[in-house]
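This briefing covers selected local features, the strand pairing and the ligand surroundings of one protein model. Please have the structure open while reading the points below.

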Amino acid sequence: MQVVVVGGGFGGMASAARLAKLGHAVTLLDRAPALGGALGQLSHEGFTFDTGPSTTLLPAVVRDLFRKSGRPLEREIDLVPVEVIREHRFADGTSLSLTGGSRAAQKQAFEGLGAGLGQQWVDHVDGLGEVWERLRKDYLERPWDPGLAHRDAVALLRSRATLARTFRRAFGDQRLALVAGHPFLADGHDLAKVPAWLGTVSYVEQKFGAWTVEGGLGALGEVMTKRLATRKVDVRTATGVRDVLLSGKRVRGVRTDAGDVEADAVVCATDPHHFPALRPYVRRTTSTSLPTLVHLGVSGDLPEWVAVAGETVLHGDPTLVLRHGGAAPEGHSVLTVQHRGRASVDVVDLLAERGVDLRGRVVTRVERSPADLAEAWGGSPLGTQWRGRDTVRRRLGPTTPVAGLYAAGAHATPGAGLPFTGLSGALVAQAVGPA
Ligand SMILES: Cc1cc2nc3c(=O)[nH]c(=O)nc-3n(C[C@H](O)[C@H](O)[C@H](O)COP(=O)(O)OP(=O)(O)OC[C@H]3O[C@@H](n4cnc5c(N)ncnc54)[C@H](O)[C@@H]3O)c2cc1C
């Protein structure tokens, strides 16, 4: 079958590699000059910054992708565990180091915030293990079919329970809700609109930890690009897709800047709202907004507590999220600061106020507004905005109401992040099937 994949971010690349391995003739189209989407690196004056992800949860998703499409991951790149998944510094001056892979270590860390809070945290996470196992089998690892799914999985997806409500009940302390809610708050979601089952992210963090690549996770994008060449995927960069071509309710190809490309199947692995023919199918969803990113190249080391953490969260108004994925010249460090909304003072001064004083040490700086990022990535790599339980139904993917049209990537998954987008590639491959 001739398959066209639109968008070469991690979701599109994972779909293309798997479909090619299944024997399809795959063409991957991307409007940008290089593949990777948000998974990439920006080089500036000798510094290299991860542009998007700097750590990933669930390394098994990436390993499975490589094993199922050729040589195993460990022969291509080294995924290494991150010691501290996130360092949280709260506005009241208290702090928490969230480690992965150990229930006992998490319990002890939360107990440090106050007597009884360790037990509250592990009770909450323990309850999510079963939810994860149920949804993993029926929803995340095979295309959703309510007829085949266990009744508990159906009930979970139908439930009106939200993260906001769950946290109110589970936690007597707001700081625990800030830790559990962080992945969604950082992506611009309202916890009152995010389904409760997404709390399973805390379980995944505890059980499997976070992982990265020395020198920046963006390198994974390059390794994936090589894998596509090995699988003989016809990759066409600098080729923007303007629309998906339909014949009635069947897909027949795509219209690009360089002309039409016919196909038996099309995988939309970017924001479907951009394509006029698909808008009627995503009318009741919106894309998640993007943050501002400030990449800083600094002389000397970062504070130890920032350097050992995959991510550092300085809570406040605005909350600052720090990542240090990338590479710097000898004697220097890289730091990327993410925030939402307008900061009233310069980010470097804000950092100093919150205990990360880099004043006088910044040797280079690249600031990227939400509009700059949307332009670079052709939409939001953070996917669909949560608006309650119905978002699951209203979003496309892995199959769609159009025959031959599939959806992958952050807009087709339960959330942003490499695990979900990687899994979306596996779901699309299952839905399309072997050649
Ligand atoms: C600042 C930031 C930090 C993040 N940190 C993490 C992290 O630490 N860990 C983690 O797991 N995840 C993280 N994420 C989320 C993760 O990066 C994304 O969810 C994931 O990379 C999305 O992949 P995707 O393939 O769905 O989309 P994208 O990466 O957005 O790729 C879409 C691709 O489609 C192309 N495209 C767009 N429009 C068109 C068109 N019309 N025609 C052709 N091609 C088109 C784009 O050029 C792009 O290459 C982060 C995201 C951001 C923004």
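Thr400 is found in the loop that links helix H13 (391-394) to strand S20 (405-407). The model is a predicted one. With a relative accessible area of 16%, Thr400 falls under the 20% cut-off and therefore counts as buried.

**Thr400 and its contacts**

- A polar atom of the Thr400 side chain lies 3.1 Å from the backbone oxygen of Val402.
- The Thr400 side chain also has a polar atom 2.8 Å from the backbone oxygen of Leu405.

**Environment of the ligand**

- The shell around the ligand holds 36 residues, of which Asp30, Thr55, Ala410, Gly417 and Leu418 come nearest.
- By residue class, this shell divides into 16 nonpolar, 17 polar and three charged residues.
- Helix H1 (10-21) and helix H14 (418-432) each contribute at least two residues to the shell.
- The largest share of the shell comes from H14, with three residues.
- Backbone atoms of the protein approach polar atoms of the ligand at several points:
  - For Phe10, a backbone N or O atom lies 3.2 Å from an oxygen atom of the ligand.
  - For Thr55, which is also among the residues that come nearest to the ligand, a backbone N or O atom lies 2.6 Å from a ligand nitrogen atom.
  - For Val241, a polar backbone atom is 2.8 Å from a nitrogen atom of the ligand.
- The ligand taken alone exposes 1000 Å², and the protein buries 93% of that area.

**The seven-stranded sheet**

- Strands of a sheet pair through backbone hydrogen bonds, in either a parallel or an antiparallel sense.
- Here, seven strands form an open sheet with mixed pairing, in the order S7-S6-S15-S16-S18-S14-S19.
- The edges of this sheet are strand S7 (95-99) and strand S19 (362-368), each of which pairs on one side only.
- From one strand to the next, the twist averages 20°.
- At the S7 edge, strand S6 (residues 84-89) pairs with S7 in the antiparallel sense, over five bridges.
- Within this pair, His88 stands opposite Leu96 of S7.

**His295 in strand S14**

- His295 lies in strand S14 (residues 292-299), and S14 is one of the strands of the seven-stranded sheet.
- The relative accessibility of His295 is 0%, so this residue counts as buried.
- The side chains of His295 and Thr336 make a polar contact at 2.7 Å.

**Strand S4 and its partners**

- Strand S3 (residues 41-44) runs antiparallel to S4, and four bridges join the two.
- S3 and S4 form a hairpin with two residues between them.
- In the turn of this hairpin, Glu45 has a positive phi of about 50°.
- Ser43 has Thr48 in S4 as its bridge partner.
- S4 also pairs with strand S17 (residues 326-327), again in the antiparallel sense, over two bridges.
- In that second pairing, the bridge partner of Thr48 is Ala327 in S17.
- Thr48 therefore has bridge partners in two strands, under the rule that strands pair when at least two bridges are found between them: Ser43 on the S3 side and Ala327 on the S17 side.
- Which residues cover the two faces of strand S4 (residues 47-50)? Phe47 and Phe49 lie on one side, Thr48 and Asp50 lie on the other, and all of them are buried.

**Gly181 in helix H7**

- Gly181 is found in helix H7 (residues 174-186).
- Gly181 counts as buried because its relative accessibility is 0%.
- Gly181 and Tyr281 are 100 residues apart in sequence, and the distance between them in space is 30 Å, C-alpha to C-alpha.

Terms used
Residues numbered from 1 in each chain as written. Predicted model: local features only at pLDDT ≥ 70, side-chain atom pairs only at ≥ 80, totals over all residues. Heavy atoms only, no water. Axes fitted to C-alpha atoms, helices over the stretch in contact; angles between N-to-C directions. Near = heavy atom within 4 Å. Polar contact = N/O pair within 3.5 Å; in protein donor to acceptor, adjacent residues only side chain to side chain. Areas by Shrake-Rupley, 256 points an atom, 1.4 Å probe, with all protein chains shown as cover. Nonpolar A, V, L, I, M, F, W, Y, C, P; charged D, E, K, R; others polar. Buried < 20%, exposed > 50% of the residue type's maximum accessible area, 1.4 Å probe, protein only.
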